[in-house]
Amino acid sequence: MPTKIFLNEDEIPRQWYNLAADLPGTINPPLGQDGKPISPDMLAAVFPMNLIEQEMSQQRWIDIPEGILDLLYRWRPSPLHRAIHLEKALGTPAKIFYKNESVSPAGSHKPNTAVAQAWYNKEFGIKRLTTETGAGQWGSALSYSCALLGMECKVFMVRISFDQKPFRKSLMETWGGECVASPSNETQVGRDILAKMPDTPGSLGIAISEAIEAAVSDKTGKTRYALGSVLNHVMLHQTIIGLEAKKQLDKFGIKKVDTVIGCAGGGSNFAGLAFPFVLDKINGADIEIIPVEPASCPTLTATPFSYDFGDVAQMTPMLPMHSLGHKFIPAPIHAGGLRYHGMAPLVSHAVEAGLMSPMAIKQLECYEAGLTFARTEGLVVAPETCHAVACAIRCAKQAKEEGKEKTIIFNLSGHGLMDLAGYAKFMAGELQDIVMSAQDVKESRRISITGYPVPKI
Ligand SMILES: *Cc1c(COP(=O)(O)O)cnc(C)c1O
């Protein structure tokens, strides 16, 4: 058996898969402040209409425009590897595969949707995009994509990451993006928060509020906002990962997959790999599908499915999702991309429908898995990705105990070459496990929902 499979460019999938068409049961719509489902017009100040239509689409397969394929060809199709060295080290009868999304110019899966969103915005006549970024991956991906299309990009970066990861800002600037620490003095939301909490480490929820304000307050109407995860159209664009992976598994001669794994922050890289397999599961296949989240910021494994806002300032509609509450400020762990308070509605719905088995793993086990992976397969993966690796190792060990020849696939969402400070701290023994207790979760939700009535699901 080969150790990796590439696809030719002409084998790239030409349609995205939309899970909204197949989810069983009713899908709860996003709600406005008045508790009523929002109309497309209400989003028009924030997103271009072509993406709003995609966000609300129930169509199962959606054509990928040629213009977007031309952008994706810069690094796609991405390779599917078999982790034979890791398998050998674990002595497992399981076959472990990983889809390598670290080969994109920005080093993660995020450009898959960044180039698509920038392209749709440009088609709509937009000249400038604003966004937020946690660890800096999304800000880099969008800066890169705007550079390809000759657009401007403004990024609000969560303060703690801005301070811990200065090279991410340089990367964004290299691609022509502009990056400021959030909360900033550039928006009303940012100024209000700084007045109350001058030393706050920031959060994705705060940065999202700032980026939306910066977009809607541009009087020329040529600025819109772009989100790197959570929303339906982002999940849609990422499904190219799983659709490619299926073709590659086929070429490996794999007839059946037992376990599909991805780390889950807002849910997009996980959904990208998993949703095409969820379709098989809906059609009767026996597949275990596992989103993995950090024990320090658990949503799927710890919170009820309910309506919540996507940002601190309550500028977004209320989304049906697992959420720690929109005022949540995360512990300063290094898996920056996994610190969002909510979770994609499509992933949340799929968990409620019993199609997925979420898992939370603590930080130290994840970094340990990252070291094992680096010392066997060679790749140094992002701290977020370490969660997926840790889960794959757990599953492979279990297969060994049970003597089962399982087939496991996980998404290698990004490389960790700009996250070595986190690895260094781990190797120096300076990191601890941070776990949110049930009481912490309850308190975070209580603080957040004070002051507005939460619609029932
Ligand atoms: C942003 C990011 C994540 C988390 O975001 P999702 O939307 O949950 O995929 C995971 N891995 C990497 C490398 C990232 O950059």
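This is a short chat about the domains, the core and a helix pair in one predicted model.

Reader: Hi! What should I know before I start?
Author: The model is predicted, so local features need pLDDT of at least 70 and side-chain atom pairs count only at pLDDT 80 or more, while totals for chains, interfaces and linings use all residues. Residues are numbered from 1 along each chain as its sequence is written.

Reader: Cool. Which domains does the assignment give?
Author: Domain 1 (4-10 + 76-107 + 232-449) and domain 2 (21-62 + 110-225). Those bounds come from an automatic or database domain assignment.

Reader: And how many residues of each are in contact?
Author: 41 residues of domain 1 are in contact with 42 of domain 2; contact means C-beta atoms, placed from the backbone, within 7 Å.

Reader: New topic: how many residues has the largest nonpolar core?
Author: It has 130 residues, and V389, C391, A392 and I408 have the most contacts inside it. Such a core is a set of buried Ala, Val, Leu, Ile, Met, Phe, Trp, Tyr and Cys residues joined through C-beta atoms within 7 Å. Buried means 20 or more other C-beta atoms within 10 Å of a residue's own, with C-beta atoms placed from the backbone.

Reader: Why does this core lie between the domains?
Author: Because domain 1 and domain 2 both give residues to it.

Reader: Nice! At what angle do α14 and α15 pack?
Author: Helix α14 (residues 363-376) and α15 pack at about 80 degrees. They are therefore roughly perpendicular, a label for angles of 65 to 115 degrees. Helices here are DSSP runs (H or I, at least four residues), numbered from the N terminus.

Key. A residue is buried if 20 or more other C-beta atoms lie within 10 Å of its own, exposed if 12 or fewer, and partly exposed in between; C-beta atoms are placed from the backbone. Axes are lines fitted to C-alpha atoms, for helices over the stretch in contact, and angles run from 0 to 180 degrees between N-to-C directions. Helices (H or I, at least four residues) and strands (E, at least two) are DSSP runs, numbered from the N terminus. Angles under 35 degrees count as roughly parallel, over 145 as roughly antiparallel, 65 to 115 as roughly perpendicular and the rest as oblique. Two residues are in contact if their C-beta atoms, placed from the backbone, lie within 7 Å.
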